[in-house]
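Biologist: Can we go through some labels on this model? I would like the reasoning behind each.

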Amino acid sequence: STVGGKVFTIFYIIFGVSLVVYFGTAIFEKLDENRQKKFKEQVMRRALISEAQLLEFDVDGNGKIDKYEFLSKMLVETQEVEQTKIDEIMQKFNKIDKDKSGAITTDELRDIEKKGR
């Protein structure tokens with residue numbers, strides 16, 4: 001019951017509680033990581049197994065799913081990204097793609113560069 005003993009006990013308790021919290025957090029993060037991995041695997045297994053899903057994935061309605069449609073839908077379905085973020089990125093792309101060809105050319109980039117000056 002010396003002052004030094006009390007100080008040691010206080011630090012020991014604080015350190016011990018901190019370690020328990022750290023390890024508890026690490027365990028829960030690992031469990032959550034495993035849960036997310038299983039969820040994503042389930043989504044991937046269920047992807048494109050019916051005609052109804054084809055319609056859901058086919059954003060432009062042409063009866064086919066291109067790489068972009070598949071990628072963007074799977075990113076949303078696996079909860080890697082929200083649809084609003086994909087929409088923002090595509091708005092930026094469409095803004096740069098002045099001739100609406102679906103590709104950004106060096107001429108379009110030069111036009112942006114000129115306007116920026």
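The exchange below takes the labels one by one.

Modeller: This is a predicted model: local features need pLDDT of at least 70, side-chain atom pairs count only at pLDDT 80 or more, and totals for chains, interfaces and linings use all residues. Residues are numbered from 1 along each chain as its sequence is written, and side-chain values use heavy atoms, with hydrogens and water left out.

Biologist: Why is Thr78 called buried?

Modeller: Buried means under 20% relative accessible area, exposed over 50%, partly exposed in between (1.4 Å probe, protein chains only). Thr78 has 8%, so Thr78 is buried.

Biologist: Where is Thr78 placed?

Modeller: In the loop between helix 3 (67-77) and helix 4 (83-96). Helices are DSSP runs (H or I, at least four residues), numbered from the N terminus.

Biologist: Which residues does Thr78 contact, leaving aside neighbours within four places in sequence?

Modeller: Phe39, Lys40, Val43 and Met44. Contact means heavy atoms within 4.5 Å.

Biologist: What makes Gln36 partly exposed?

Modeller: Its relative accessible area is 34%, which lies between the 20% and 50% limits, so the label is partly exposed. Gln36 lies in helix 1 (residues 3-46).

Biologist: How far is Gln36 from Gln79?

Modeller: They are 43 residues apart in sequence and 9.2 Å apart in space, C-alpha to C-alpha.

Biologist: Why is Ile13 called partly exposed?

Modeller: Ile13 has 49% relative accessibility, and exposed needs over 50%, so Ile13 counts as partly exposed. Ile13 lies in helix 1.

Key: Helix = DSSP H or I, 4+ residues; strand = E, 2+ residues; numbered from the N terminus.
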